[in-house]
Amino acid sequence: MALLHSEGIGSLAHARTMTIGIGGAESNLAINLRRLGVPVAWVSRVGPDELGARVLRELRAEQVEVRAVVDPDRPTGLMLKSHPSGGASTVRYYRSGSAASALDAAALAGDDGNGLPDDLLAGAEILHLTGITPLLSDTAREAVLDLVERARAVGTLVSFDVNLRSALAPREVAAPLLARIAVAADIVFGGTDELALIADALAAEAQATGASGDAGGDAARGGEDSLVRILHAHGIPEVVEKRGAEGARALAAGSVTGADATTLPDAEQAGAPGLSVDVVDTVGAGDAFVAGYLSARLEGLDLAARLARGNECGALICTTPGDWEGAAHREDLGRLAAGTKDPVVR
């Protein structure tokens, strides 16, 4: 998406200047992964306008492979970002009728250089999706569901970040759809509230169908690690809970790791606490975390190391303005752990 960002602190109603850039969960993740050395392709649609050209140019400048249709009839999606007070950000999205909202399954499966045909999908190690895209339109929803099905058919891992956007759909509308995608994924990321939403939806579905299984609802929030355990019990192989400043916890293949290193029966123990930094802008931190985690996973690192890298990437991006501009390069990894107080890098 294109991004207009007001300078300074204050209401957008009184802003005199705006900075043009790009943003959005998927492009943020793609840039973060590429800076960490992971080859990545970004698939979407933009409009035939200067903002669409800006999106494509920035992604290509970051060495992201761009597979995007330029829609002649629809504009590029837009987001407005402001800081109404110190330490707070407000983001407003203008997606209705955008080029990306016209994503459709047939076009994505096409072999015209802009989609994800089966042979290209089979060559990827991970297909990453967010909960934003399927809520853009009916055709976008079907495109995402078809992509998940095709990825599973060719043996490509499916990674899903819930990324709930309440402006796109009421929770009661979004929850069943996002839960459907989550249980079809191999790796699911979400904040505590987002994972609770998925757990509640799955519990409601189980109750409606009379199926047995672990409960959601209040039980999902009843214990330190209950959310990841409940979602794992619903068949999701790898569940990662993003907890912001408190760090992260995850469960994969029967092993639980967490920021508090909770002792659990038959569980591997590891710590992944949050890192203390001087926060400038938190927008994009969740995407940076996911990129750090996935890059470590692709390198074969264990669960604790994945969480640690995710936390570091998320923390680093909070120290600079912008959604992705401060994303870590590989040489930046370990800088926070070194704990240097010298502001000058020599």
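Helix H10 and helix H11 pass each other in a right-handed crossing, where right-handed means that the near helix is turned clockwise from the far one by less than a right angle. The contact, meaning heavy atoms within 4.5 Å, involves residues of H10 including Ala-285, Phe-289 and Tyr-293, and residues of H11 including Leu-303, Leu-307 and Ile-317. By class, this contact has ten nonpolar, five polar and three charged residues; here Ala, Val, Leu, Ile, Met, Phe, Trp, Tyr, Cys and Pro count as nonpolar, Asp, Glu, Lys and Arg as charged, and the others, Gly among them, as polar. Two packed helices are described by the angle between their axes and the distance between the axes. For H10 (residues 285-298) and H11 (residues 303-317), the axes come within 7 Å and cross at roughly 145°, the axes being lines fitted to C-alpha atoms over the stretch in contact, with angles from 0 to 180 degrees between N-to-C directions.

The model is predicted, and local features need pLDDT of at least 70, side-chain atom pairs count only at pLDDT 80 or more, while totals for chains, interfaces and linings use all residues. Residues are numbered from 1 along each chain as its sequence is written, and side-chain values use heavy atoms, with hydrogens and water left out.

**The chain as a whole**

The protein chain has twelve helices and twelve strands, which are DSSP runs numbered from the N terminus (helices: H or I, at least four residues; strands: E, at least two). Of its 346 residues, 50% are buried, a word that stands for under 20% relative accessible area, whereas exposed stands for over 50% and partly exposed for values in between (1.4 Å probe, protein chains only). Among contacts between residues at least 6 apart in sequence, 64% join residues at least 24 apart.

**Two nonpolar cores**

A nonpolar core is a set of buried Ala, Val, Leu, Ile, Met, Phe, Trp, Tyr and Cys residues joined through side-chain atoms within 4.5 Å. The largest one has 43 residues, and those with the most contacts inside it are Leu-129, Phe-160, Leu-178, Ile-198 and Leu-231. Among the elements that give two or more residues to this core are strand S7 (126-130), strand S8 (157-161) and helix H9 (226-233), while H6 gives the most, with eight residues. Leu-129 touches Val-144, Leu-147, Val-148, Val-158, Ser-159, Phe-160 and Asp-161, when residues up to four places away in sequence are not counted. A second, separate core of 33 residues includes Val-240, Ala-272, Tyr-293 and Leu-307.

In H9, the buried residues are Ser-226, Leu-227, Val-228, Ile-230 and Leu-231, and just after this helix Gly-235 takes a positive phi of about 105°.

**Three residues in loops**

The table sets out three loop residues with their surroundings.

| Residue | Loop between | Relative accessible area |
|---|---|---|
| Gln-63 | helix H2 (50-61) and strand S4 (65-70) | 57%, exposed |
| Ser-98 | strand S6 (88-94) and helix H3 (105-109) | 3%, buried |
| Asn-163 | S8 and H6 | 7%, buried |

Gln-63 has a phi near 65°, which is a positive value in a residue other than glycine. Asn-163 also is not a glycine, yet has a positive phi of about 45°. Ser-98, leaving aside its neighbours within four places in sequence, is in contact with Arg-74, Pro-75, Thr-76 and Gly-77.
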